[in-house]
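Biologist: I should like to learn how to read the features of a structure that is new to me. Could we begin with contacts between charged side chains?

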Amino acid sequence: MRAHSMLPAPQVRQARLQLIEQGVAPTLGIDERVARSWLRSLAAGLSPVGRIDCTDNVAGIALQRLRSLNHELIRHCEPVMEYLFEQVRESHSMVILADPQGVLVHTLGDLDFIDKAGRVALSCGASWAERQRGTNAIGTALAEAHEVEIHGAEHYLDRNGFLPCAAAPILSA
């Protein structure tokens, strides 16, 4: 998926800081999709540090309704997700399905990782749209309509810097 090698995390953080402080998008060493996503995240008014307010997260009956609306998508994707999960089982990771707005509708993951993932809202009903979570694989793949990898410090929000992620949008059913 990547056309170039990744910069070390301190250099990535420095490039993101330069964008935030000077409004200048980095051109060297940062994936173009990541740089565009950082600009969108900045324009959305997100701060890379501190807490985020995700009032759009879906729970309870609303989550049941959302999952029901996406029943066909979930049903078609479950076998593929299970196959993928078998490939990464016991690697402290997850396989996630989000709806077209970036709301997580189905997840599979290692039990030891699910608790850690829950602390950054990697759970059903959470929105991972860029306007809420900044640069991340799910939101950026949806915004770019293209597969994307987001590693550690490339996430716009510092709190997600421990996550290596990849996502691809489903462009037709």
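Modeller: A salt bridge is a side-chain nitrogen of Lys or Arg within 4 Å of a carboxyl oxygen of Asp or Glu. Please note that this is a predicted model, in which local features need pLDDT of at least 70 and side-chain atom pairs count only at pLDDT 80 or more, while totals for chains, interfaces and linings use all residues. Residues are numbered from 1 along each chain as its sequence is written, and side-chain values use heavy atoms, with hydrogens and water left out.

Biologist: How many salt bridges does the rule give here?

Modeller: The count comes to nine salt bridges. One of them joins the side chains of R16 and D158, with N to O at 2.3 Å. R16 lies in helix α1 (residues 9-22) and D158 in the loop between β3 (148-151) and β4, so the pair ties together parts that are 142 residues apart in sequence. Helices (H or I, at least four residues) and strands (E, at least two) are DSSP runs, numbered from the N terminus.

Biologist: Is R16 buried or exposed?

Modeller: Buried means under 20% relative accessible area, exposed over 50%, and partly exposed in between, with a 1.4 Å probe and protein chains only. R16 has 5% relative accessibility and therefore counts as buried, whereas its partner D158 is partly exposed at 37%.

Biologist: Which other salt bridges should I look at?

Modeller: E86 forms one with R89, their closest N and O atoms being 2.3 Å apart. E86 is partly exposed at 46%, and R89 is partly exposed at 40%. R119 and D115 form another, with the closest N and O atoms 3.2 Å apart; both of these residues are exposed. Salt bridges that share partners also join E32, R36, R40, E130 and E144 into one network.

Biologist: How should I read the cysteines?

Modeller: A disulfide is a covalent bond between the sulfur atoms of two cysteines. The criterion used is a pair of cysteine sulfur atoms within 2.5 Å. A search of the whole structure finds zero disulfides. C77 is in none, and the nearest cysteine sulfur, that of C124, is 13 Å away. C77 is buried, with a relative accessible area of 13%, while C124 is partly exposed at 27%.

Biologist: Where does E78 lie?

Modeller: E78 lies in helix α4 (residues 71-88) and is partly exposed, at 28% relative accessibility. The C-alpha atoms of E78 and T107 are separated by 9.4 Å, although these residues stand 29 apart along the chain. V80 also lies in helix α4, and its relative accessible area of 49% makes it partly exposed.

Biologist: How is a pocket recognised, and what is its volume?

Modeller: On a 1 Å grid over the protein atoms alone, a pocket is an open set of points where a 1.4 Å probe fits, with protein on both sides within 12 Å along at least five of seven lines; lining residues have an atom within 4 Å of a point. Grid points are joined across faces, edges and corners, and a volume is the space filled by probe spheres set on the points. The largest pocket here holds about 1,000 Å³ of space.

Biologist: Which residues lie nearest the centre of the largest pocket?

Modeller: They are I96, I138, A166, A167 and A168, from a lining of 33 residues. At least two lining residues come from each of α4, β1 (94-98), α7 (137-144) and β4 (164-167). Helix α4 supplies the largest share, six residues.
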